[in-house]
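Subject: The model you asked to take over

Hi,

Here is the structure I'm handing over to you. Have a look at it first, and then read my notes underneath.

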Amino acid sequence: MAERVKNTGGSVKTPARAKRPVRADRSLLRTAKRLVVKVGSSSLTSVAGGISEEALLSLVDVLAERRNAGSEIILVSSGAIAAGLAPLGLGRRPRDLATQQAAASVGQGLLVARYTQAFGAHGITVSQVLLTAEDLMRRQHYANAYRALNRLLHLGVVPVVNENDTVATHEIRFGDNDRLAALVAHLVKADAMVLLSDVDAIYDRPPQAGGTRIPLVTGPHDLADANIGSAGKAGVGTGGMVTKVEAANIAANSGIPALVTSTANAAAALAGEDVGTWFSVNGSRRTPRLLWLAHLASIQGRLTLDDGAVQAVRDRHRSLLPAGITSVKGDFEPGDPVELADAQGQVVARGLVNFSSYELPRMLGRSTRELASSLGRQYEREVIHVDDLVVL
């Protein structure tokens, strides 16, 4: 059972980093001091051959050159499960969790050994950092992860980050390493994030069908008419272009620009050339608690709002009052995360509720003054305070 939110996801005080001028274009990548680079399974491995030495060495050459030029690199690398398939005699990625965990246990060691050797040829030390979603859900774990990664970077190490597939359960998994990369970028206060795969950019429709590259995304409207596929070509990953768009949006909405392109374009991407799809910043950096609430929290219930409450919460950034709630669903206690939906069922926000699912039904549609008069002064407060709300 997930730990109550009041014991998790709190803010973490971290040392301030020097501020640099913010640029909206991809030229930022040429001088970015701290970069998170994520590479997908399809770029490093195949079901038939395990780890591709040529692909891995080519990527490491690019990243090592940038590291030796003075930038800090955090490499979020998929491929552990895929790397473990061939040694275990498995013909395809397993569907059951236990076999996935076994493949990850075998493959993770192989993958890190290859990275250690490849970066070592450039005089660079690497480290292995395995995370689960729980590490970013609990305040102390979050603080420890930040301190460890920050210290590794200051020591000149390239951390190789992966989800801890060997022990992660379905309930606490990130779902894909694209989202993990976005959350790590926020954790380490990265200047930018680069997502590498076997597809060179986001297109408005499949390239083989005459699709056109989308070079820049400044907001949802730029992708409104795009037909984004969902599967990689190699068949060894769990992501796809949909997860990359989601991850890039998580980063951009948190104040971190992101680039989606192919591994073959890695050198051009880090040089700031016009490749891939650039997601410019369209939001400010959120606190760790609100980032957790938006992307990692285990939702315990749903509150349906009337039109006025939706506008107040979503458009005017106000607290949620009981008068604007029309229905309650779920089983939750004070402090639990719940989602807020409009009358059509579209989720517009998430928040930490101040009342239980037992208390709320008798409060619906009533003013706080009326509730205080009939039920007591403890009911004269918001159902969800604006500081505990995140608009999606």
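In which helix is threonine 243 found? The answer is H9, which covers residues 241-253; helices (H or I, at least four residues) and strands (E, at least two) are DSSP runs numbered from the N terminus.

Before going on, some ground rules. This is a predicted model, where local features need pLDDT of at least 70 and side-chain atom pairs count only at pLDDT 80 or more, while totals for chains, interfaces and linings use all residues. Residues are numbered from 1 along each chain as its sequence is written, and side-chain values use heavy atoms, with hydrogens and water left out.

The overall picture

The protein chain has 13 helices and 15 strands. Of its 392 residues, 52% count as buried; buried means under 20% relative accessible area, exposed means over 50%, and partly exposed is in between (1.4 Å probe, protein chains only). Take the contacts between residues at least 6 apart in sequence: 73% of them join residues at least 24 apart. Contact here means heavy atoms within 4.5 Å.

The annotated positions

UniProt has two "binding site" sets that I looked at, both from an unreviewed entry. Its positions are given in the numbering used here, feature names are shortened, and annotations may be inferred rather than shown by experiment.

One set covers Lys38, Ser197, Asp198, Thr238, Gly239, Gly240, Met241, Val242, Thr243 and Lys244. Threonine 243 counts as buried because its relative accessible area is 12%. Not counting residues up to four places away in sequence, threonine 243 touches Asp176 and Asp178.

Serine 197, from that set too, lies in strand E7 (residues 192-197). With 4% relative accessibility, serine 197 is buried as well. Leave aside its neighbours within four places in sequence, and serine 197 is in contact with Ser43, Lys244, Thr261, Ser262 and Thr263. Lys244 is itself on the UniProt list. A polar atom of the serine 197 side chain also lies 3.2 Å from the backbone nitrogen of valine 199.

The other set lists Ser78, Asp165 and Asn177. Serine 78 sits in the loop between strand E4 (72-77) and helix H4 (80-85), and is buried at 8% relative accessible area. Beyond its neighbours within four places in sequence, serine 78 is in contact with Lys38, Val39, Gly40, Ser41, Leu44, Leu111, Asn162 and Asn177.

Asparagine 177 is in helix H8 (residues 177-187). Its relative accessible area is 9%, so asparagine 177 is buried. Residues up to four places away aside, asparagine 177 touches Lys38, Val76, Ser77, Ser78, Asn162 and Glu163. The side chains of asparagine 177 and asparagine 162 are joined by a polar contact of 2.8 Å. (A polar contact is a pair of N or O atoms within 3.5 Å; within protein, one must be able to donate a hydrogen and the other to accept it, and residues adjacent in sequence count only if both atoms are side-chain atoms.)

The cavity and H11

What lines the largest cavity? The residues are Leu136, Tyr142, Leu183, Pro288, Leu291, Trp292 and Leu296. They divide into 7 nonpolar, no polar and no charged, where Ala, Val, Leu, Ile, Met, Phe, Trp, Tyr, Cys and Pro count as nonpolar, Asp, Glu, Lys and Arg as charged, and the others, Gly among them, as polar. On a 1 Å grid over the protein atoms alone, a cavity is a set of points where a 1.4 Å probe fits but cannot get out, and lining residues have an atom within 4 Å of a point. The structure holds 1 cavity of 30 Å³ or more, and the volume of the largest is about 30 Å³.

H11 gives the most to that lining, with 3 residues. This helix (residues 288-295) is mostly covered, with 7 of its 8 residues buried.

Arginine 286 is placed in the loop between strand E10 (277-279) and H11. Its relative accessible area of 22% makes arginine 286 partly exposed. Apart from residues up to four places away in sequence, arginine 286 touches His186, Ser254, Leu291, Ala294, His295, Val390 and Val391.

Cheers

Definitions and conventions:
On a 1 Å grid over the protein atoms alone, a cavity is a set of points where a 1.4 Å probe fits but cannot get out, and a pocket is an open set with protein on both sides within 12 Å along at least five of seven lines; lining residues have an atom within 4 Å of a point. Grid points are joined across faces, edges and corners, and a volume is the space filled by probe spheres set on the points.
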